[in-house]
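User: I have a model open and would like to go through it with you. Can we start with the basics?

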Amino acid sequence: MTHSGKMSRWTWLMAMVALLAIFAVACSGDDDDDSSSAGFTDAGYKTAGLDKARVVTIDGDIPIGISSALTGEVAGLGIPIADSAEVGGEGITIKGKKIKWVREDDLCSPEGGPAAADRLVKANVVAAIGPICSGGTRASLKIFDDAGITHISPSATAGDLTTPTRPEGPYVTFFRVPVLNADEAKAQAQFAYDTLKAKKAFVVFDTDDYGKDLAAEFQKSFKAEGGEIVGTPAGYEKKTTDFKSIIANIKAAKPDVIYQAGFYAEATPFLQQLRADADLKSIPYIGGDGIKNDELLSGAKDAAEGAYLALPGTTGSQFDTYKQKYAAKFKGNADSATFGAEAYDAATAILKALDKVAVEKGGKLEIDLKKLNEEIKKSSFEGASGKVEFQDNGNRAGAVVRLFKVVGGKYVQLEAGKK
Amino acid sequence: MTVIFLTSAEFWADQLVNGLTTGSIYALIALGYTMVYGVLQLINFAHGEVFMIGSFAGYGVLVAMGGDDTSGAMIALALVLAMIAASAASMGTALAIERIAYRPLRNAPRLAPLISAIGVSVFLSHLVDDGFLTGRSKYYPSIFPDGALELGPLTISALQIFLMGSSLAMMGGLWWVIQRTKLGRGIRAVAESRDNASLMGIDVNRAIVVTFALGAIMAGVAGVLYGLFYSAIRGSMGFIPGVKAFTAAVLGGIGSVQGAVIGGYFLGLTETVGRELLNEIPGVSLPNQWKDVVAFSLLVLVLIFRPNGIFGQKETKRA
Amino acid sequence: MLESVRPGVPRLPEWAHALIFLIVGLLGWYFLDDTWVRMLFLVTLYATLGMGLNVVVGLAGLLDLGFVAFFATGAYVVAIWGAPISPSVDGVVNYWVLLPMAVFAGAGIGMLLGLPVLPLRGDYLAIVTLGFGEIIRILALNMDDYTRGSSGIFALAKPDYGAETVDSVREFFIMILIAAMAVWFVTARLRDSKVGRAWEAIREDEDVAQGMGINTVRYKLMAFAIGASIGALGGAIYAPFVDFVAPAQFSLIVSINVLALVIIGGMGNTTGVIAGSAMLIGVPELLQFQETADVLAKFEWLRDGLNVFIDGFNAVSFADLGKLPPSEEWGDKLALYRFIVFGALLVMVMVLRPSGLFPSRRRELEFTAEEPAPAGSA
């Protein structure tokens, strides 16, 4: 057996080498063509469960779903989002009926999303807010669509959610309030190049859907501005705490700015380890919106000082109302609830539309889900995150990106062109 | 061929130090795996969680001693107390696990304790994450004084020196206990053969408990060092270092104490220096996210040519 | 503790158990709504995977902690060749061509991994297979040109029959039920054949088996390949069911789940695998159902009683224990704590029934013998 054992070892090794060589040859990086940003189509309306003309009759409170990350790594983001959505319905009744919020945990994951969607559909919600992450949203689009339930995500930002590769075009039951990754990355690239005068950037990213997309968009925009990406962009998975090896690569690449696309849970140790290095104590750092969270300030403390973070969207006229209600109901500070204003606006959009389409009949409410969908599409109001209107494909119309800097342990909004 | 070293000497020095730091942590944790395996032939899957509990106990002490505001001689005191608390907490956890989940299964089918070990691991990590922290992390106070030692291209921070020094000291202490004390002789005898040891009048249960305790002390100290160095701690933190330390123990030859140490450093260096060396080959690009592929491929390669690990005995006695 | 050998009680044959499972499944399919059928699908899927791993662990005695690698292989074969969106392959191959392709690919990958590592014994095999499972996941995560990385592949080709396509939870449940029955039949036949006896000999004592002229590497490789192809079959059915294939679905927890259900069920027999799956996959799912919370809400009196007790305890001991939450919150709490429950369940079942819920007969005899069980699994 020893002889044959040795033989098979070498055979195996050679097979592996041959396989690797085939992979290397086959590896041809063809660029993915950008899908056109077409709007909703008639075919899209036809496939959606809306056309089964579902009119639901409601006796009692009106169930509206919330799909958000209530446990796990992203709960720090997800719970305030869910709370903010509820705040949107605080004190509001539709033709005398109250709102019943149905919360489901989507875990911010591609498995959790559809499972939560399924449970919401089963709970007979008339509309929903969420899911909150791109991966979970992508996997749930069809479930909501089949059921004819319109849902508005406050925070899913991947570009392709509204350009799915199907002949029917975008899912007509899906809308979203946040500004897209591409818009955010562009604003950050311009800030890095024009305002910080950085010519060379090093990119660090979470290998999940959101991080990868945002990092790719930043690289594209930064190069378009005339900048250069130095070193190999370094990826990491969630729960990573050891960034020392990446930091050695950063030092070797000598960038002018470091860009991170990911979440605060990993950005906190990254910043701490980055700032612990004498050579990198003051190199400018720009982080994406997933990082702008109070947990970063309380966790990284001094290491977070001077960090630049972006937050897509703006403060609208309703922000103060939202902030007061949020503080009253959940004892939290709305300033630090990332995507909270968007969630509030998503809830408002649903409630305003509900108010228009709900018909009272003998003490019960009749809601035509198709009309509700059409009303949501026509939304136009001043919300907590600025003016809320939807494009023809479900995206938010009019993108604004705000930039913040951490000064004295607080997020301070930057004026245009200032650093 | 293109130029071999595209990157500077400082870069290699940095990565070398990084490899040795991670390696120290892997080695400390791997010792617990290998010793328990030595006496019980059990993969103690919950050992990563023993490490996690130690890290949280150390965090508690550091915060209670003043957190970020600790200064002067208090820092040294805080660190020593944190390590003692961590070791004690880890030891308590390990002994409780042994009593509840392993001892009733000592004569059960081989895989039963493996599954209960996995059960303990899932239970503890989720108890801390979902039960107590609701998904949030805690961050070690950064109290360790700044400062670094520079030797040519090599820059080692005071914290790194402390980390590597304490782990070496712990390993030295363990070696002394195993080789030079009566307790150690008992452990070695039980590892050799449980039945013979028992015939020779050695209290087998006691030797097993001591083994768990020693492994847990190593893991507890590793937990504090880990927290000081990487800062973020959470319930799931033990999982990846646990799997890596297990890998290191197997690389070195499971059951072998010096094998676990060498395996730990070897794995730490492979992930950093080894991966960067591969990157120097034209056409190869293995950024950070590939490091586990490099680590596990190394494991397979080593085991193909040395089926019992680097220090493993020629043929496993218990086939 | 090990009182389960009851000579007087006649046991149902295994086929009867399979039949009962089939009938229960069909009843569930007929009477329950989609959420429940979704759960039944997952239970059956994991039972199928468990039967595959059972060939490797239970029959041949090889400890495999990386079973997810084969599950992922099957899912990715179906996704890469079956979805228009996959970047490396143009066009879409019919699902019924992809299904056997996936099964063969699984067997191929199984042999590729098996060749170098099968000479290894026991626990070395465990960590190498664990590492291999991780390698497959990281490859899928980072080879965007083939797998689209974490963005995943969606809109897969669905199985079709006649002019219809399988695209509802109910239809997929029937599909996995058929697959489970087929896998049960094949593995049961294999176990009772010459091959099965060779595996058993290897499991009990590899050296003796070799001495008896059994080509151990060949039979071990066979077990590995068969287990792998069943894993791939599961993946190939799971992929169009969730209609989304991404690396996050193929983490180590899948391997652990499958291994745990095989061992909890009682290694080496199918009945146990099904029971293990119902317990480990079904129960955590069930904890998330509103129905569970509704049922629990009926026990509110128990909470009130406990709260009185807590008040009393606080009063005499100066402790400050919080009160139990109102029953409306129980559903959320249960869903939140389901993994804690899962972990505790694993420990409890193992401590109470070390040889599993339904130990296979021959093994049961082994375990109840006076001698401690042989330490080696290989």
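Analyst: Helices and strands here are DSSP runs, with at least four residues for a helix and at least two for a strand, numbered from the N terminus. Keep in mind that this is a predicted model.

User: OK. How many helices and strands are there in chain A?

Analyst: Chain A has 13 helices and 18 strands. Its radius of gyration is 23 Å, close to the 22 Å from the globule rule for 419 residues, so chain A is as compact as a globular protein of that length.

User: What box do the C-alpha atoms of chain A fill?

Analyst: Roughly 80 × 60 × 40 Å, along the principal axes. Of the 419 residues in the chain, 60% count as buried.

User: Switching to backbone oddities. Which residues of chain A does a cis peptide bond join?

Analyst: Gly130(A) and Pro131(A), with omega at about -10°. Pro131(A) sits in the loop between β4 (127–129) and α5 (134–147) of chain A. Most peptide bonds are trans.

User: And what is phi of Lys331(A)?

Analyst: Near 55°, which is positive in a residue other than glycine. Lys331(A) is in the loop between α11 (319–330) and α12 (340–357) of chain A.

User: Is Asp243(C) buried or exposed?

Analyst: Asp243(C) is buried, because its relative accessibility is 16% and the cut-off for buried is under 20%. Asp243(C) also has a positive phi, about 55°, although it is not a glycine. It lies in the loop between α10 (216–242) and β4 (244–245) of chain C. Lys331(A), in contrast, counts as exposed at 70%.

User: Now the surface. Which residues form the positive patch?

Analyst: Arg180(B), Lys182(B), Arg185(B), Arg188(B) and Arg206(B). Helix α6 (residues 182–192) of chain B gives the most, three residues. Lys182(B) is found in that helix and is exposed, with a relative accessible area of 70%.

User: What about a nonpolar patch, and how much accessible area does it have?

Analyst: There is one on chain C with about 790 Å² together; its members include Val295(C), Phe299(C), Trp301(C) and Leu324(C). Helix α14 (residues 300–317) of chain C supplies the largest share, five residues. Phe299(C) is in the loop between α13 (290–297) and α14, and counts as partly exposed at 37%.

User: Where is Ile310(C)?

Analyst: In helix α14 of chain C. Ile310(C) is buried, with a relative accessible area of 12%. Its C-alpha atom is separated by 8.9 Å from that of Leu324(C), 14 residues apart along the chain.

Terms used:
Residues are numbered from 1 along each chain as its sequence is written. Chains are lettered from A and ligands numbered from 1 in the order in which they are written. This is a predicted model: local features need pLDDT of at least 70, side-chain atom pairs count only at pLDDT 80 or more; totals for chains, interfaces and linings use all residues. Side-chain values use heavy atoms; hydrogens and water are left out. Patches are made of residues with over 30% relative accessible area and no salt bridge: like charges are joined within 9 Å, nonpolar side chains (Val, Leu, Ile, Met, Phe, Trp, Tyr) within 5 Å. Accessible areas come from the Shrake-Rupley method with a 1.4 Å probe; for residues, only the protein chains shown count as cover. A salt bridge is a side-chain nitrogen of Lys or Arg within 4 Å of a carboxyl oxygen of Asp or Glu. Lys and Arg count as positive and Asp and Glu as negative; His and the chain ends are not counted. The place of a charge is taken as NZ of Lys, CZ of Arg, CG of Asp or CD of Glu. Buried means under 20% relative accessible area, exposed over 50%, partly exposed in between (1.4 Å probe, protein chains only). The radius of gyration is taken over C-alpha atoms; the globule rule is 2.2 Å times the number of residues to the power 0.38.
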